[in-house]
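Subject: Structure for your files, with notes

Hello,

Here is the structure you were waiting for. My notes on it follow below.

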Amino acid sequence: MASKNVDGQEKMSWPPRHETIFIHILHEHVKKGDLQTSTFKMKVWAEISDELYAQCGQKCTIPQLKSKFNRLRIVHRDFSDLIEHTGFGWDPVANTVTASEDVWASYLKSKPKAKQFRTQGLEHYQILGEIFNTTTATGQLHYASSQLPPNSDDERELENNFLNTGVHIDVDLDDDGDNPQLVSGKGKRKCATTAPPERRPKKWDKMESYLDVCSEVMSQKLQREKEKSLEASSTSKEMYSIEECIGIVETMGDVDNDTFNKMLEKIVLIEWRKIFVIMPAVRRRAWLASL
């Protein structure tokens, strides 16, 4: 059933089965590379709406889907913050969070919403991590080549958001995959019967991650400047175009349809088109054979 919120907007009710289907649909689109920034394009949202309706009969507007998407992002961040916090452990198989009563009491004073995780952890946490990990942390400082670089005020705001935003914690299993151990802190393993290992300060871990992000941002800026320079010096014909790549493949003459389709998936990105065009013919044929 749909209800009205305080603004008079229609608010959707999400049964567990519908939420699970929605999360898996999002995950499939992320794996296809549709999540380029922090959200999907309108065309992709329309596809998600159609797929959700086809699988569970629930028809949602795009604003309703976006609202649910953002709520999932928030709850994923909150759970990541929780299991990252000193004193907490997480059993990914039982999906339970472990901590002493004193640790819980102290944490809930500042994060009362975390009470929902006392009896059960966040379902679908690993899948949500694959969806939101880049957009929750490093994705905040990622810009598409068509976007203008952020000004200094924007960058300071993003830096502050990054340093104060939770990051996904990966599940770690034993080599045989049958004996999961509690995940504590930055995804490190610990046994329930041993004392917690020494940890570096969280700010130091975040600073290391932040420096990696800054390096990535600078690389992207340099790449955009390089692409702008190429565009300025090019003729009316686009350099490293999809048409040019297809033309090269057609001249090779013996590329089967399956390999051709896999190649098309790669050359959507200009980086792959550049590599494909400039590589020697022998290397190009070997690369196609490896797809």
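How many helices and strands does the secondary structure of the protein come to? There are eleven helices and six strands. Please keep in mind that this is a predicted model. The protein has 291 residues, and 35% of them count as buried. If you take the contacts between residues at least 6 apart in sequence, 60% of them join residues at least 24 apart.

Helix α1

I started with α1. Its 16 residues should span 22 Å at 1.5 Å a residue, and the end C-alpha atoms are 23 Å apart, which agrees. The buried residues in α1 are H18, I21, F22, I23, I25, L26, H27, H29 and V30. Just after the helix, G33 has a positive phi of about 85°.

How do α1 and α2 sit against each other, and at roughly what angle do they cross? Their axes come within 10 Å and the crossing angle is roughly 140°, with α2 made up of residues 42–56. Angles over 145 degrees would count as roughly antiparallel, so at this angle α1 is oblique to α2. The crossing of α1 past α2 is right-handed. On the α1 side the contact involves R17, H18, I21, F22, I25, L26 and H29. On the α2 side the residues met are V44, W45, E47, I48, E51, L52, Q55 and C56. Several of these α1 residues also appear in the list of buried ones, among them H18, I21 and F22.

Salt bridges

Side chains of opposite charge can pair when their charged atoms come close. With a cut-off of 4 Å between the side-chain nitrogen and the carboxyl oxygen, the count is seven salt bridges. I describe three of them here.

One of them joins the side chains of E19 and K68, at 2.6 Å from N to O. E19 is in α1 (residues 16–31) and K68 is in α3 (residues 62–84), so this salt bridge ties together parts that are 49 residues apart in sequence. Is K68 buried or exposed? K68 has a relative accessible area of 8% and is therefore buried, whereas its partner E19, at 23%, counts as partly exposed.

Another salt bridge is between R285 and D254, at 3.0 Å from N to O. This pair also links distant parts of the chain, 31 residues apart. R285 belongs to α11 (residues 281–290), while D254 is in the loop between α8 (242–252) and α9 (257–266). The relative accessible area of R285 is 39%, so R285 is partly exposed. D254, at 55%, counts as exposed.

The side chains of K59 and D50 also form a salt bridge, at 3.5 Å from N to O. D50 is partly exposed, at 46% relative accessible area.

Helices α10 and α11

R285 has already placed us in α11, and this helix packs with α10. The axes of α10 (residues 270–278) and α11 come within 8 Å and cross at roughly 130°. The two helices are therefore oblique to each other. W272, F276 and V277 of α10 make the contact with R284, W287 and L288 of α11.

Residues with positive phi, and one other position

Which residues other than glycine have a positive phi? N95 is one of them, with phi of about 55°, and H124 is another, with phi near 65°.

N95 is in the loop between β3 (89–91) and β4 (96–98). Its relative accessible area is 11%, so N95 is buried.

H124 is in the loop between α4 (101–110) and α5 (125–136). H124 is also buried, with a relative accessible area of 17%. What does H124 contact, leaving aside its neighbours within four places in sequence? The contacts of H124 are with T20 and I23. I23 is one of the buried residues of α1.

Finally, N70 is in α3 and is partly exposed, with a relative accessible area of 36%. The C-alpha atoms of N70 and S38 are separated by 9.8 Å, and these two residues are 32 apart along the chain.

Regards

How values were computed. Residues are numbered from 1 along each chain as its sequence is written. This is a predicted model: local features need pLDDT of at least 70, side-chain atom pairs count only at pLDDT 80 or more; totals for chains, interfaces and linings use all residues. Side-chain values use heavy atoms; hydrogens and water are left out. Helices (H or I, at least four residues) and strands (E, at least two) are DSSP runs, numbered from the N terminus. Buried means under 20% relative accessible area, exposed over 50%, partly exposed in between (1.4 Å probe, protein chains only). The expected span of a helix is 1.5 Å times one less than its number of residues. Contact means heavy atoms within 4.5 Å. Axes are lines fitted to C-alpha atoms, for helices over the stretch in contact, and angles run from 0 to 180 degrees between N-to-C directions. Angles under 35 degrees count as roughly parallel, over 145 as roughly antiparallel, 65 to 115 as roughly perpendicular and the rest as oblique. A crossing is left-handed if the near helix is turned anticlockwise from the far one by less than a right angle, and right-handed if clockwise.
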